[in-house]
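I opened this notebook to record what I looked up in the structure. The entries follow the order in which I consulted the model.

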Amino acid sequence: MPSTPNALDSQFPSPVQQIDTGSPHKLPQPGLALCLSGGGYRAMLFHLGALWRLNELGYLPKLDRVSSVSGGSITAGVLGLKWSRLAFDGNGVSKEFPEKVVVPIRQFAGKTIDLPAILTGLLLPCQTIGQRVAKAYG
């Protein structure tokens, strides 16, 4: 399905690329891909460990594509956000990975955002519980 261009498309191009899956004759693109599944905070932390190990083995800079959903997207998002600051050495290992990726995700995982949002949402209904949870992510 072709996307409809709007004024923001030219100003802020999307990092997401549409993949044509409509043609039965289209071959998969060559390269190495990583898929991060969903599952909330557990998935976020599981994938953090997997990425940490891939970094230790020098595989992160070999990735051509990362795909993710739900909790895996939190980890993928932090990785994408910090990617340009990882400075991979000749073996494909980033010494900055723990500081730039692991620490922020662990700090985020240490926050309890749902219970306070629910309680304040019930007691002070000027914002919905969902709005309070979304605000806590920021």
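**Entry 1. Overall layout**

Which pattern does the chain follow, read along the sequence? I noted α-β-α-β-α-α-α-α. The model is a predicted one, and I kept that in mind throughout. I recorded six helices and two strands in the chain.

I then looked up burial and found that 22% of the 138 residues of the chain count as buried. For the surface, I noted that the chain exposes about 9,900 Å², with carbon and sulfur atoms supplying 61% of that area. Among the contacts with a separation of 6 or more, 65% come from residues 24 or more positions apart.

**Entry 2. H2 against H4**

I turned next to the helix pairs. Helix H2 covers residues 40-56 and helix H4 covers residues 97-109. Their axes lie 11 Å apart, and the two helices pack at an angle of about 165 degrees. An angle over 145 degrees counts as roughly antiparallel, and H2 and H4 are therefore roughly antiparallel to each other. The crossing in which H2 passes H4 is left-handed.

Which residues meet in this contact? From H2 I listed Tyr41, Met44, Leu45, Leu48, Leu51, Trp52 and Asn55. From H4 I listed Phe97, Pro98, Val101, Val102, Ile105, Arg106, Phe108 and Ala109. By class, the contact of H2 with H4 comprises 13 nonpolar residues, one polar and one charged.

**Entry 3. H2 against H3**

How do the axes of H2 and H3 cross? I found that they come within 6 Å and cross at roughly 45 degrees. That angle makes H2 oblique to H3. H2 passes H3 in a right-handed crossing.

On the H2 side, the contact is made by Gly40, Ala43, Met44, His47, Leu48 and Leu51. On the H3 side, I wrote down Ser70, Gly71, Gly72, Ile74, Thr75 and Leu79. The residues of the contact of H2 with H3 divide into six nonpolar and six polar, with no charged residue.

**Entry 4. H3 against H4**

I completed the set with H3 and H4, whose axes come within 10 Å and cross at roughly 145 degrees. This crossing is right-handed. I listed Ile74, Thr75, Val78, Leu79 and Lys82 from H3. These meet Phe97, Lys100, Val101, Ile105 and Phe108 in H4. Seven nonpolar, one polar and two charged residues form the contact of H3 with H4.

**Entry 5. Thr75, His47 and Ala76**

Is Thr75 buried or exposed? Thr75 lies in helix H3, which spans residues 70-82. I found a relative accessible area of 0% for Thr75, so this residue is buried. Leaving aside neighbours within four places in sequence, Thr75 is in contact with Met44, His47, Leu48, Leu51 and Ile105. Thr75 is listed on the H3 side of the contact with H2 and on the H3 side of the contact with H4.

I followed one of these partners, His47, which lies in helix H2. His47 counts as buried because its relative accessibility is 6%, and the cut-off for burial is under 20%. Not counting residues up to four places away in sequence, His47 touches Leu36, Ser37, Gly72 and Thr75.

I also looked up Ala76, which lies in helix H3. Ala76 has a relative accessible area of 15% and is buried. How far apart are Ala76 and His47? I noted 29 residues in sequence and 8.5 Å in space, C-alpha to C-alpha. Apart from neighbours within four places in sequence, Ala76 is in contact with Leu36, Val66 and Ser68. Leu36 is thus recorded as a contact of Ala76 and as a contact of His47.

**Entry 6. Positive phi values**

Lastly I checked backbone angles. Most residues other than glycine have a negative phi. Ser70, although not a glycine, has a positive phi of about 50 degrees. The place of Ser70 is in helix H3, and Ser70 also belongs to the contact with H2.

Where is Ala87 placed? I found Ala87 in the loop between H3 and H4. The phi of Ala87 is positive, near 45 degrees, in a residue other than glycine. Ala87 counts as exposed because its relative accessibility is 52%, and the cut-off for exposure is over 50%.

Terms used: Residues are numbered from 1 along each chain as its sequence is written. This is a predicted model: local features need pLDDT of at least 70, side-chain atom pairs count only at pLDDT 80 or more; totals for chains, interfaces and linings use all residues. Side-chain values use heavy atoms; hydrogens and water are left out. Helices (H or I, at least four residues) and strands (E, at least two) are DSSP runs, numbered from the N terminus. Buried means under 20% relative accessible area, exposed over 50%, partly exposed in between (1.4 Å probe, protein chains only). Contact means heavy atoms within 4.5 Å. Accessible areas come from the Shrake-Rupley method with a 1.4 Å probe; for residues, only the protein chains shown count as cover. Axes are lines fitted to C-alpha atoms, for helices over the stretch in contact, and angles run from 0 to 180 degrees between N-to-C directions. Angles under 35 degrees count as roughly parallel, over 145 as roughly antiparallel, 65 to 115 as roughly perpendicular and the rest as oblique. A crossing is left-handed if the near helix is turned anticlockwise from the far one by less than a right angle, and right-handed if clockwise. Ala, Val, Leu, Ile, Met, Phe, Trp, Tyr, Cys and Pro count as nonpolar, Asp, Glu, Lys and Arg as charged, and the others, Gly among them, as polar.
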